[in-house]
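Student: I should like to learn how to read the features of a protein model. May we go through them one at a time?

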Amino acid sequence: MSKFLSEPTHLAVVAARFSCGAPRVGAEQGPQALVDWGVFSDIQARTGYLCSFDSLSEKDTSRNSIESSQNLDANIYEMKKPHAVSLAAKRVSDCVYSHAREGRFVMTLGGDHSIGVGTVTGTARAVRERFDGADLSVLWIDAHADINTPQSSMSGRIHGMPVAFASGLAKSPSKGIFNWITKSHLINLKKFVYIGLRDVDKAEEAIIHQYGIKSFTMGDIRSDGIERIMDLALQYLGDDSPIHVSYDVDSLDPEYAPSTGFPIPGGLSLEEGIYISQRLYATKGLVAMDLVEVNPLIESSRLTTTLQSAASVMKAALGVGYEV
Ligand SMILES: [Mn+2]
C-alpha cells in the first residue's frame, strides 16, 4: 500500500478504450481483453483491494468527438486525428484526476499510448492539489521515447508524442488541440525516467539530450543489470514524491508481448518486467499505473501470452506475489 494514498483499498480501474492515436485499430479492445482475462478478480481475491470501473470510449462520447473521429478531423502539421485524441486524452485526464484527488490508486488500461497525455496529467494535477504543489514522479517503461513533437514526428501519430504534450514541451498547436492542458497538469521532466528504450528517433534523441532527461536504455540494462538500473532510477526520483508508472507493453520482448502495434526485439524479459513492478511496489510511493498498447487484433493466436505478461506486471505493482 502506498504511503501517499488516503483510500488505500480502492483500486480505480479506468478502461481507456481508444486507438485514435495509433495507425491501426485494435488497442481500443485491450482493456476488455485484460478484464476478461480475470486480472482484477485475481487482484481482489489476493489483496485487500476493491475495484471500481470506469469505461471511456469514442462510441459513447459527445457529438463533437463523433464528428472529429470522421473526416472533419483534419491533420495539423502532420498530426493525425488531433481533435479525437485531444478529447479522448482530456476525458482520461479528468477521470484519472477525479480518483487520484481522493487518494485512490488509479490503474488505467489502454488503449494506445496517446492516452498517456491524459493519465499522467490527471495524476500530476491531483498530486499538486493534495501535496502542496508537489511534482509527480513518472517512470515511462517503453521501447519508444514517445516524445516527438508535432513538428518532429515522422508519422504524425500522437501515440508517439504523449511525453511532449504532458510535459508542455509541445505546445497546443492550434484550433483548441490539447489547450485543456494547464500549468497544473504538467509533468516535470526533471522528475521523469525512461526505462527500456531501444527504438528512438534522431529528433527524440536530440530532445532527450537537450532537456537532460534521465533515460535507461536496453543497452544500459544489458550491461548493468535491471537491479542496478532500478537502484539508479529510484535514487534519481527520490522517495518524497508519489510515483506514476506508464507501462507500455512493448517494453517487454515480443516473445512475452507479441500482441502490440510496434513490437521491437531485444526487450525486457518478463522476469525483468515483473522486477521493475516489484521495486515500484516496494517503494510504497506508487499511486498510479498505466498498462497500454495491448492489441488483441495483432498476433491473436498469442494474445494469451501477452495478457498473461501484462497481468503479471500489473499484479506485481500491486504487491501480488512475492516481494523483492
Ligand atoms: Mn509507448
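Tutor: Let us begin with burial: a residue is called buried when its relative accessible area is under 20%, and exposed when that area is over 50%. Please keep in mind that this model is predicted. Cysteine 95 has a relative accessibility of 9%, so this residue counts as buried.

Student: Is cysteine 20 buried or exposed?

Tutor: Cysteine 20 counts as buried, because its relative accessibility is 2%.

Student: How many disulfides does a search of the whole structure find?

Tutor: A disulfide is a covalent bond between the sulfur atoms of two cysteines. Here the search finds zero disulfides.

Student: Why is cysteine 20 too far from the closest cysteine sulfur for a bond?

Tutor: The closest cysteine sulfur belongs to cysteine 95 and is 16 Å from the sulfur of cysteine 20, whereas a disulfide requires the two sulfur atoms to be within 2.5 Å, so no bond is possible. Cysteine 95 is likewise in no disulfide, its nearest cysteine sulfur being that of cysteine 51, 14 Å away.

Student: Let us turn to the metal. Which residues are the protein donors of the manganese ion?

Tutor: The protein donors are His113, through ND1, together with Asp142, Asp146 and Asp248, each through OD; they lie 2.0 to 2.3 Å from the ion. Along the sequence, these donor residues follow the spacing H-x28-D-x3-D-x101-D. Histidine 113 and aspartate 142 are 29 residues apart and link distant parts of the chain: histidine 113 is in the loop between β3 (105–110) and α5 (116–130), and aspartate 142 is in the loop between β4 (137–141) and α6 (162–166). Both histidine 113 and aspartate 142 are buried.

Student: Where does aspartate 146 lie, and what is its phi?

Tutor: Aspartate 146 lies in the loop between β4 and α6. Its phi is near 50 degrees, a positive value in a residue other than glycine. Aspartate 146 counts as buried because its relative accessibility is 4%.

Student: Which other aspartate has a positive phi, and where is it found?

Tutor: Aspartate 132 has a phi near 55 degrees and is found in the loop between α5 and β4. With a relative accessibility of 78%, aspartate 132 counts as exposed.

Student: Which residues does glutamate 204 touch, leaving aside those up to four places away in sequence?

Tutor: Glutamate 204 touches Ala145, Asp146, Ile147, Asn148 and Gly160. In addition, the glutamate 204 side chain reaches the backbone nitrogen of aspartate 146 at 3.2 Å. Glutamate 204 is placed in helix α7, residues 202–210, and counts as buried, since its relative accessibility is 3%.

Student: What joins glycine 110 and glycine 111?

Tutor: A cis peptide bond joins the two glycines, with omega about 20 degrees. Glycine 111 is placed in the loop between β3 and α5.

Student: Finally, how should one read a pair of helices? At roughly what angle do the axes of α1 and α11 cross?

Tutor: One considers how close the axes come and the angle between them. The axes of α1 (residues 30–37) and α11 (residues 303–317) come within 10 Å and cross at roughly 80 degrees. The two helices are therefore roughly perpendicular to each other. Ala33, Leu34 and Trp37 of α1 make the contact with Thr304, Leu307, Gln308, Ala310, Ala311 and Met314 of α11.

Key. Residues are numbered from 1 along each chain as its sequence is written. This is a predicted model: local features need pLDDT of at least 70, side-chain atom pairs count only at pLDDT 80 or more; totals for chains, interfaces and linings use all residues. Side-chain values use heavy atoms; hydrogens and water are left out. Buried means under 20% relative accessible area, exposed over 50%, partly exposed in between (1.4 Å probe, protein chains only). Donors are N, O and S atoms within 2.8 Å of the metal (3.2 Å for Na, K and Ca); water is not among the atoms, so sites may look incomplete. Helices (H or I, at least four residues) and strands (E, at least two) are DSSP runs, numbered from the N terminus. Contact means heavy atoms within 4.5 Å. A polar contact is a pair of N or O atoms within 3.5 Å; within protein, one must be able to donate a hydrogen and the other to accept it, and residues adjacent in sequence count only if both atoms are side-chain atoms. Axes are lines fitted to C-alpha atoms, for helices over the stretch in contact, and angles run from 0 to 180 degrees between N-to-C directions. Angles under 35 degrees count as roughly parallel, over 145 as roughly antiparallel, 65 to 115 as roughly perpendicular and the rest as oblique.
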